Amino acid sequence: MKFLPYKKIACLVAASALSTVAIAETPIIGLITKTNTNPFFVKMKDGAQQKADELGVELRTFAGRYDGDNETQVQAVENLIAAGAKGILITPSDTAGIVPTIQKARDAGLLVIALDTPLSPANAADMTFATDNFKAGEMIGQWAKAKMGDKAKDAKIALLDLSTSQITVDVARNQGFLQGFGIDIKNPGRMGDETDSRIVGNDVTQGSEEGGRRAMENLLQKDPGVNLVYTINEPAAAGAYEALKSFGLEKDVLIVSVDGGCPGVRNIKDGVIGATSMQFPLKMASEGVTAIVEFAKSGSRPSASTGLDFFDTGVQLITDEPAKGVQSVGSQTGLAMCWG
């Protein structure tokens, strides 16, 4: 039997111990998205993983089984607390329902950053990294008003929202669009209380193509003269277009949306959508990982953008039909920046 020299054994044991310490000290960061199928969240995961690899931290990812699955997100937060994570990035499915669990994480010393969708209240997280969703809506509203010109005063507007739950991102985009179009929004924090006669009505889509088709059909039954459609996102816009096409109305109605996914930008190029406001999910996630790593190193917390109560990750209007006074870029440029 061979015996290793004592010094060699000692060196191996020391190396193993150091390796174990290094592993133990590798910061853990959690990313919790609403689902793992939506291209927006897929790109968010890509951005987080790229930055985690670059900075030498461990990323653990979780997702709801469906959009609105709060229970799975709660379990994910609890798992990350137990694992000793340094911070959590989360796109909350239930912006109010998740708050007690988020508070547990913060009480345990974790930095919590909401991505894309603020919590209710927003200060239940340490910071939100997001698109300025009100501005995103406002930009497409301004574009639609400029595009319609004198016809804007006779617009018949269908509003295709996410749900009836008054989710922060849903409200901000809807209200931003209406303000951009020149409609009195009454309470900026609540949609559906407007009295402008140009609004045909609101319906819900759950952010899906099928939901957009169904909602558009419902509002066409209410008023077949709809000539302007706002949608919460581009899948809903695609569904709305299919409904309009089935009635032979696709050339008579202007559709605007928010997201900036590659399928949506291609729909700009193909004339399905008139204009969309592009978000940058990869940037949201990568900036979030950077902020948590800095927190783990120095204890410093991220700051909001000037004049806002969140960290603004940017928005860009995409259209192939530029309107006077509204800054935009075309679909070719958009395809170089899009996601999904």
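## Results: a walk through the predicted model

Gln179 is partly exposed, its relative accessible area being 36%. The model is a predicted one, and this residue makes a convenient starting point. Gln179 belongs to helix 6, which covers residues 168-181. Apart from neighbours within four places in sequence, the contacts of Gln179 are with Phe134, Glu138 and Ile185. Lys135 stands 44 residues from Gln179 along the chain, and the C-alpha atoms of these two residues are 9.8 Å apart.

Helix 6 also takes part in the interior. The largest nonpolar core comprises 31 residues, and those with the most contacts inside it are Trp143, Ala144, Ile157, Phe177, Phe181, Leu228 and Val256. Two or more residues of this core come from each of helix 5 (133-148), strand 6 (157-161), helix 6, strand 8 (228-231) and strand 9 (254-259). The most is given by helix 5, with six residues. Leu228 offers a view of the packing: leaving aside neighbours within four places in sequence, Leu228 touches Ala144, Met148, Lys156, Ile157, Ala158, Phe177, Phe181, Val253 and Leu254. Apart from this core lies another, of 23 residues, which includes Ile113, Met127, Ala291 and Ile292.

Ala291 and Ile292 lead on to helix 10, where both are buried. Helix 10 runs over residues 281-298, and its 18 residues reach 26 Å from the first C-alpha to the last, close to the 26 Å expected at 1.5 Å a residue. Other buried residues in helix 10 include Pro281, Met284, Val289 and Phe295. The buried residues of this helix pack against strand 1 (28-33), helix 2 (39-55), strand 3 (87-90), strand 4 (111-115) and strand 5 (127-130). After helix 10 comes Gly299, which has a positive phi, near 85°.

The UniProt record, in an unreviewed entry, lists residues 29-297 as "domain: Periplasmic binding protein". Over residues 29-297 the chain is 45% helix and 18% strand, with the end C-alpha atoms 13 Å apart.

Covalent and charged links complete the picture. One disulfide is found in the whole structure, joining Cys262 to Cys338 with an S to S distance of 2.0 Å. The link is right-handed, with 95° about the S-S bond. Because Cys262 lies in helix 9 (residues 262-269) and Cys338 in the segment after helix 11 (331-337), the disulfide ties together parts that are 76 residues apart in sequence. Both cysteines are buried.

The salt bridges number 13. In one of them, the side chains of Arg301 and Asp126 meet at 2.8 Å, N to O. This pair links distant parts of the chain, 175 residues apart: Arg301 is in the loop between helix 10 and strand 11 (311-312), and Asp126 in the loop between strand 4 and strand 5. Arg301 is partly exposed, at 49% relative accessible area, whereas Asp126 counts as buried, at 17%.

Another salt bridge joins Glu321 and Lys147, whose closest N and O atoms are 2.7 Å apart. Glu321 lies in the loop between strand 12 (316-319) and helix 11, and Lys147 in helix 5, so this pair ties together parts that are 174 residues apart in sequence. Glu321 is partly exposed at 34%, and Lys147 is partly exposed at 37%. Asp196 and Arg198 also form a salt bridge, with 3.0 Å between their closest N and O atoms; Arg198 is buried, at 15% relative accessibility. Finally, Glu210, Arg213, Arg214 and Glu217 are joined into one network by salt bridges that share partners.

Definitions and conventions
Residues numbered from 1 in each chain as written. Predicted model: local features only at pLDDT ≥ 70, side-chain atom pairs only at ≥ 80, totals over all residues. Heavy atoms only, no water. Helix = DSSP H or I, 4+ residues; strand = E, 2+ residues; numbered from the N terminus. Buried < 20%, exposed > 50% of the residue type's maximum accessible area, 1.4 Å probe, protein only. Contact = heavy atoms within 4.5 Å. UniProt positions renumbered as here; feature names shortened; annotations may be inferred. Expected span 1.5 Å × (residues − 1). Core = buried A, V, L, I, M, F, W, Y, C linked by side-chain atoms within 4.5 Å. Disulfide = S-S within 2.5 Å. Salt bridge = Lys/Arg side-chain N within 4 Å of Asp/Glu carboxyl O.
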